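Keep the sequence and the model side by side while reading. The account below starts with the chain as a whole and then turns to its parts.

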Amino acid sequence: MIKNFVLFLSLCLTIGIAAARAGERPVLVELFTSEGCSSCPPADALLAELASRPGVLALSFHVDYWDRLGWKDPFSSHEATQRQERYATLLDLATVYTPQIVVDGGWQAVGSDRADVEHALDLARRDRQEVPITLGLAQGQAQIKLGPGSGAAAASVLLIGFDRRHVTAVKRGENAGRTLPHVDVVRGVEEIARYSGTAGAIATPIRWNCDRIAVVLQAADGRVHCVAVSDAEPL
């Protein structure tokens, strides 16, 4: 029995498996930010603090609608803006704004408002959705296994690539002259499958050269049902 467990553990370490078991999966925190926004650095700093906590996956999504206002954020993407716009619809918000934090797809707060962010985290932990998941990375592919979960019908399986840290010397715009650090910067998001509540396995190539890979199961209403993370292999 012990020998078999050691062999299993060795295999997990070899292919980089990350598992989210019931009651253990990270809470997903998404910060929508921009280097062109002078109100965003305090939120970036709060996200860095959250990223150091066990049980939290903190991701930095850099939107592109600030890029025309004096400084083009090198990490901005239109898909980040589209993701935030989708949350505005789901959460019944009048508009998008920065900095904004969305927690587990169901709660939002001003990204620099510590009290409101902590409250959103507390609400998410009390109402955490769980679907068993494992994520393995090998030979440039993500290998995902999902368990059964009746509460996650019509959900998207999202693959997210992100870098642990970046630092930018901003030369123009509202943050001109500042050096801005960022953590867990998203470099790409891709829907790789649909999930209907039954167990299954997925294998898909990893398309980004990034530090880490996450898989997120997200329902049509935005709520997150499972999360797993693993260090990426160099491309």
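In this predicted model, 68% of the contacts between residues at least 6 apart in sequence join residues at least 24 apart. The protein chain has 12 strands and 4 helices. Of its 235 residues, 50% are buried. The chain exposes about 11,100 Å², and carbon and sulfur atoms supply 53% of that area.

The nonpolar interior can be taken next. The largest nonpolar core has 23 residues, and those touching the most other members are Ile144, Leu146, Val157 and Ile213. Two or more residues come to this core from each of strand 6 (133-138), strand 7 (141-146), strand 8 (155-169), strand 9, strand 11 and strand 12. A second core, separate from this one, has 22 residues, including Leu28, Val102, Val227 and Val229.

What does Val157 touch, leaving aside residues up to four places away in sequence? Its contacts are Leu146, Glu190, Glu191, Ile192, Ala193, Tyr195, Ile202, Val215, Val216 and Leu217.

Another residue to look at is Gly188, which lies in strand 9. Gly188 counts as buried because its relative accessibility is 1%, under the 20% cut-off. Not counting residues up to four places away in sequence, Gly188 touches Glu79, Leu159, Ile160, Gly161 and Trp208. Phe61 is 127 residues from Gly188 along the chain, yet the C-alpha atoms of the two are separated by 9.4 Å.

Helix 4 (residues 114-126) can be checked against its expected length. With 13 residues at 1.5 Å a residue, helix 4 should span 18 Å, and its end C-alpha atoms are indeed 18 Å apart. Which residues of helix 4 are buried? They are Val117, Ala120, Leu121 and Ala124. Viewed down the axis of helix 4, these buried residues fall within an arc of 100°, so they line one face of the helix. Ala115 and Arg126, on the other side of helix 4, are exposed. The buried residues pack against strand 2 (27-33), helix 2 (41-51), strand 4 (100-103) and strand 5 (107-110).

Charged pairs come last. The structure holds 13 salt bridges. In one of them, Arg212 pairs with Asp231, with the closest N and O atoms 2.8 Å apart. Arg212 lies in strand 11 and Asp231 in strand 12 (residues 224-231), so this salt bridge ties together parts that are 19 residues apart in sequence. Salt bridges with shared partners also join Glu49, Arg53, Arg114 and Glu118 into one network.

Glu190, one of the residues touched by Val157, forms a salt bridge with Arg207, where the closest N and O atoms are 3.2 Å apart. Because Glu190 is in strand 9 (residues 179-195) and Arg207 is in the loop between strand 10 (200-205) and strand 11 (212-219), the pair links parts that are 17 residues apart in sequence. Arg207 is exposed, with a relative accessible area of 54%.

A further salt bridge joins Lys72 and Asp67, and here the closest N and O atoms are 3.8 Å apart. Is each partner buried or exposed? Lys72 has a relative accessible area of 55% and is exposed, whereas Asp67, at 18% relative accessibility, counts as buried.

Terms used:
Residues are numbered from 1 along each chain as its sequence is written. This is a predicted model: local features need pLDDT of at least 70, side-chain atom pairs count only at pLDDT 80 or more; totals for chains, interfaces and linings use all residues. Side-chain values use heavy atoms; hydrogens and water are left out. A salt bridge is a side-chain nitrogen of Lys or Arg within 4 Å of a carboxyl oxygen of Asp or Glu. Buried means under 20% relative accessible area, exposed over 50%, partly exposed in between (1.4 Å probe, protein chains only). Contact means heavy atoms within 4.5 Å. Accessible areas come from the Shrake-Rupley method with a 1.4 Å probe; for residues, only the protein chains shown count as cover. The expected span of a helix is 1.5 Å times one less than its number of residues. The arc is that of the directions from the helix axis to the C-beta atoms. A nonpolar core is a set of buried Ala, Val, Leu, Ile, Met, Phe, Trp, Tyr and Cys residues joined through side-chain atoms within 4.5 Å.
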